[in-house]
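Here is a friendly walk through one structure, from its secondary structure and overall build to a few residues that deserve a closer look. Please keep the 3D view open as you read.

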Amino acid sequence: MTENNIVLLNAILYVSFFLYNFWKYRFSRVTTFLSAMYAISSIAAFLMFHFPLYESTFTAAGSPTLPACLYLFALNFLFISWFNHCTMDKCKQLLNYNEDIILLVEKVLVFSFFIYLIFHFPNSLARFLSSRDLDEMRDELYTDRSESNIPFVSIISRVFGAMPVTLITLVCIRFFILRKICIWDKLSLIFYFLFKLNLILGAVSRATIIFTVIEFIVVLMFFKNRISMQIRKKIIKYGAIFVISSYLLFSLFTIARFGEKEEEAQTLQTLRYTGESQLNFMNLMYPDLQQPFYGFGQFRLFRRMLGMKYDDGKGREEGSVYNTYARDDFGYPHPTYVFYGVAGNWVMNWGFVIPFIVSIWILFKLRNKYKHRRDKGLSVMTIIVTIMLSTYVGKGIFFADYGGESGNMMILILLGLTHWLSRRGNNITIPD
C-alpha cells in the first residue's frame, strides 16, 4: 500500500470504530466518547500528512507502514474497549465505602492545594497578566524547571499534583450516588478549578485546558444515569461558560505563540497536537525502536527509588525535543519529547508484547467487575480507578499522563487507599 492509503486506512479504522460504538452504546458509555476522540485524532493525522508544511516536521523523517498502522489500532482498540461495560446501571450497592475516610482524603487534598496555591497562584496570575510575550514566558519553563524554592510546597506538588481527578471523583460519588454534599465537597470543587487555573496561567498550558475538559466529560458521562434533569440543566449552563472560557484562553495562547497572521503555522500546530501521535508512532517509533526504555519516562519515581536513571529533564538538549540519554543509552534516534500517545508511551517503555498482555488483563478485570458483579455492587475504588483510566486513555490521544513523580505517587496513594477501604469500608445501599 502507498503511504497515503495507509494513513487513509488508519482514519477509516478509527472512524468506523467510533460509528460502531455510537450505534451500539450511543453516549451511554465512556467508550463512545473515547473512540470519538481517537477518530478525530486520526482525521487530523490524515490532514497533517497532506498539509503543505508537513515535510518541515520531525514526523516526516519516517514513513508509515501497514504493520505499524494495524498494530497501533489494535492496541488503541483494546485501551478504548476497557470501558465497554463500565456503567452504574443496575448497581444497587456501593462497596467498601467509609465516609470518614473519604472526607479525610478530601480534607487532606483541599488543605494541600490551599497551601500550594497560596505560594503559587498569586505569582502565576501576576506573571500572566504582566507578561508582554506569553511565548517567551512559556519558553522560560524549560530553563527554570524548579517547582518551588520552598521545600514543603514542592513536596505537595510532587505528592498530590496528579490527584485533582481523584478529588473530583470523590465529590461526584458522594453527590451523584449517595445524594450528599457538604462544605468539603464544595471546597473540593473550588480548589480543583483553582489548581487547574494555576497550571494553565503559570505554564501557559493549552494541554491543561484540554485535559480538564476531558476529565469533566469523562466524569459526567460515567455518572450520567445518576444525574437528575434539574442538575443536567445546571451542568449544561455552567458547562457552556466553562467551554467558552476555555476556548478563549486556548485561542489567546495560540495567537500569542504563533501570531495572528501566521495562520498556516497555527493550522499546522493544531493538526500536530491533535494527530501527531499516531503519525509519530507509525513513522518513527514502530520502525526504529531498538529496545524499550523500561519505565524511564513512565515510572520515574520508582526508577529513582531503585537507584536507576530516570527522566529528570536534564537530558533534554537545551529545551529541544531530544533526550541525550534516550539516544545514547537506548539508541533511539528520534525526538523523545513529542507526542506518541498513550500507546506509544507503553511501547516505548515496554516493547511491543507486554502492552498487549497488560491491556488484555485490564480488559478482563474491568469486564468482570462491571458485567458480572455490578448487580452485587461496585466498590469505591473500582469507580475511582475506572475514571482515572478513562481520563488517562482520553488524554492519550496526545501523550500519556501520570508519568512524572506526582503520577507515580498517585498510583501508590490509590493502592494504599484501596487497602485501607477494603479493611475499614462498609457496603451501602445506593438510594434510588
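Helices (H or I, at least four residues) and strands (E, at least two) are DSSP runs, numbered from the N terminus. With that in hand, two notes on the source will help. Residues are numbered from 1 along each chain as its sequence is written. This is a predicted model, in which local features need pLDDT of at least 70, side-chain atom pairs count only at pLDDT 80 or more, and totals for chains, interfaces and linings use all residues, while side-chain values use heavy atoms, with hydrogens and water left out.

**Overall build**

The protein chain has 17 helices and 3 strands. Its radius of gyration is 22 Å, close to the 22 Å that the globule rule gives for 432 residues, so the chain is as compact as a globular protein of that length. That radius is taken over C-alpha atoms, and the globule rule is 2.2 Å times the number of residues to the power 0.38. Along its principal axes, the C-alpha trace spans about 60 × 50 × 45 Å.

Of the 432 residues, 51% count as buried; buried means under 20% relative accessible area, exposed over 50%, and partly exposed in between (1.4 Å probe, protein chains only). Among contacts (heavy atoms within 4.5 Å) between residues at least 6 apart in sequence, 81% join residues at least 24 apart. The protein chain exposes about 20300 Å², and carbon and sulfur atoms supply 63% of this area. Accessible areas come from the Shrake-Rupley method with a 1.4 Å probe, and for residues only the protein chains shown count as cover.

**Two tyrosines with positive phi**

Now to the backbone. Y294 and Y402 are residues other than glycine with a positive phi.

| Residue | Phi | Loop between |
|---|---|---|
| Y294 | near 55 degrees | α11 (263-288) and α12 (300-305) |
| Y402 | near 65 degrees | α16 (380-395) and α17 (405-424) |

Are these tyrosines buried or partly exposed? Y294 counts as partly exposed, at 42% relative accessibility, whereas Y402 counts as buried at 9%.

**A nonpolar surface patch**

On the surface, F111, F114, I118, F119 and F152 form a nonpolar patch with about 500 Å² of accessible area together. Patches are made of residues with over 30% relative accessible area and no salt bridge (a side-chain nitrogen of Lys or Arg within 4 Å of a carboxyl oxygen of Asp or Glu); like charges are joined within 9 Å, and nonpolar side chains (Val, Leu, Ile, Met, Phe, Trp, Tyr) within 5 Å.

Which helix gives the largest share of the patch? Helix α4 (residues 99-130) does, with 4 residues. F152 lies in helix α6 (residues 151-160) and is partly exposed, with a relative accessible area of 45%.
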